[in-house]
Amino acid sequence: MGKNRINDLIDELAKKSGISELIINKNDNVYVEKDGEMIRIDAKFSDDEMDLFCQEIAVFNRKAFDSLSPILDGNLPDGSRVNLIHKDYTNSSHAITIRRYSKAIKNFDGSPGIFGLNDQWIDFFKILVKARLNVVVAGGTGVGKTTCLNLLLQEIPSRERVITIEDTRELQFNLPNIVRLEARPGLTDKNGLTIRDLLKNTLRMRPDRIIVGEVRGGEVFDLLQAMNTGHEGSMTSVHANTPGECLLRLENLYMLSGYDLPLKALRYQISTAIDFIIQVKRDKNGSRVVYQVTEVSGMEGDKVLLQDIGIQKNGELKFTGLVPTCFSKLQKAGLPKEFFIGT
C-alpha cells in the first residue's frame, strides 16, 4: 500500500487500543468507534487521496472498483476488513468503512474475559469444538461474530483437514492441512465463483470440517447437506439477533437455493444439521458478549426445539441448569461427568 494521509491515519489508529472501526462518510466527515462509542475526529482528505486509496485497495484485493463495480468488500494488508462505496452512489465522495482486525485476540487462553466468558464457559466451548458439533455463531452487525468464530477455530485439532470459504477473508487461524477459498465476482473478462460454487466443490476435496465465514444465500442448502453427511464440526455465522431469528433466517436463505422442500422437511434438516447456536450481542456498555448459548435439540411436530444452556443474567453468562441432549458426545470429548452439577 502506498503512502497517503488515509494510510497514515490507519497506521496511527493501529497503535491505539479500543478502536474497532474507522468510518469515512465523505472527505471531511470521519469517525472512529472506540470501546463501542462513535467519535468524530478532525480529519479531511482530498478527492485525489480518496481515489488513490480506493484504487490501491482494489489492486491489493484483485477486484474492480469503479462506476461499473461500485461496491468492494476486501481486506487491508493487516487483515482488517474494508468496504468501499463508489462516489457515484453517495453524491459526494467515496464512502469507506474499515473494521479493524485485532491482532491481540489470538485464542481463548490468551484472551481472558473475552466476550464476558469465564473459565468454565471457555472449557465448554473448547469441548464443543473437540466433540465435532456443528456450530452457528449468530449476531447483528459489528458485534463480533467473526471474532467469536475465530476463537472457536483455534481449538480445531491440527490433524484435521479444514477448508474455509469466505467472500472477504476475515478468518484468522493456522492449521497444517488447510485450504482457504475466497469467492470472487465475475468481471467483464473473467468468470467468477460464488460461495455456493466453492462450497459444492469443497465436498470433492475431502474436508474433515467446512467453515463458511458467513452464510447469506442459497449456499445454506449445501452447507446443511454437508453437515448432515459426515462433515461434523463444521461452523458458520449468520446475521440474526436471537437464536429463534437465526433459524428463521436459515429457512429463508434455504429457499434462495431454488429447492422446493416442504417446511417440515426443511426444519428437520436444520434440526439434524445444527447442534448449537452461540448468540453474540453488545451489552448496555457497548461491550461484545456471548448473550445466549442455545442447543438445537430436535423436532416436535413441525417446530424445531431450542433449549438455552446459557443466558446473560446481571451482566454474566450463566448456565440455565439444563443439560444438553448431546451430553454423551460432550462427555466422550472430555467434558467431566459432573460439569453441570451446581452450575
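**Exercise 1. Work out whether Cys326 is buried or exposed in this predicted model.**

Step 1. Start with the relative accessible area of Cys326, which comes out at 10%.
Step 2. Hold that against the cut-off: buried means under 20%.
Step 3. Cys326 has 10%, so this cysteine is buried.

**Exercise 2. Explain why Cys326 has no bond to the closest cysteine sulfur.**

Step 1. Find the partner to test: the closest cysteine sulfur belongs to Cys246.
Step 2. Look at the gap, which is 16 Å.
Step 3. A disulfide needs two cysteine sulfur atoms within 2.5 Å. At 16 Å, the sulfur of Cys246 is therefore too far from that of Cys326 for a bond.

**Exercise 3. Find out how many disulfides the whole structure has, then check Cys246.**

Step 1. Searching the whole structure turns up zero disulfides.
Step 2. Cys246 fits in with that: its nearest cysteine sulfur sits in Cys148, 13 Å away, and Cys246 is in no disulfide.
Step 3. As for accessibility, Cys246 has a relative accessible area of 0%, so it counts as buried.

**Exercise 4. Describe how helix α6 packs against helix α8.**

Step 1. Locate the helices: α6 covers residues 219–228 and α8 covers residues 263–273.
Step 2. Take the distance and angle. The two axes come within 9 Å and cross at roughly 55 degrees.
Step 3. Name the arrangement: that crossing angle makes α6 oblique to α8. The crossing is left-handed.
Step 4. List who meets whom. From α6 come Leu224, Gln225, Met227 and Asn228, and they meet Gln269, Ile270, Thr272 and Ala273 of α8.
Step 5. Sort the contact of α6 with α8 by class: four residues are nonpolar, four are polar and none is charged.

**Exercise 5. Now do the same job for helix α7 and α8.**

Step 1. Helix α7 spans residues 243–255, and its axis comes within 11 Å of that of α8, crossing at roughly 115 degrees.
Step 2. This crossing is right-handed.
Step 3. On the α7 side, the contact uses Leu247, Leu250, Glu251, Tyr254 and Met255; on the α8 side, Leu263, Leu266, Arg267, Gln269 and Ile270.
Step 4. By class, the contact of α7 with α8 has seven nonpolar residues, one polar and two charged.

**Exercise 6. Say where Gln269 sits and what it touches.**

Step 1. Gln269 belongs to helix α8.
Step 2. Its relative accessibility is 18%, so Gln269 counts as buried.
Step 3. Leaving aside residues up to four places away in sequence, Gln269 touches Leu224, Gln225, Asn228, Tyr254 and Leu261.
Step 4. Tie this back to the helices: Leu224, Gln225 and Asn228 lie in α6, while Tyr254 is part of α7.

How values were computed:
Residues numbered from 1 in each chain as written. Predicted model: local features only at pLDDT ≥ 70, side-chain atom pairs only at ≥ 80, totals over all residues. Heavy atoms only, no water. Buried < 20%, exposed > 50% of the residue type's maximum accessible area, 1.4 Å probe, protein only. Axes fitted to C-alpha atoms, helices over the stretch in contact; angles between N-to-C directions. Helix = DSSP H or I, 4+ residues; strand = E, 2+ residues; numbered from the N terminus. Left-handed = near helix turned anticlockwise from the far one by under 90°. Contact = heavy atoms within 4.5 Å. Nonpolar A, V, L, I, M, F, W, Y, C, P; charged D, E, K, R; others polar.
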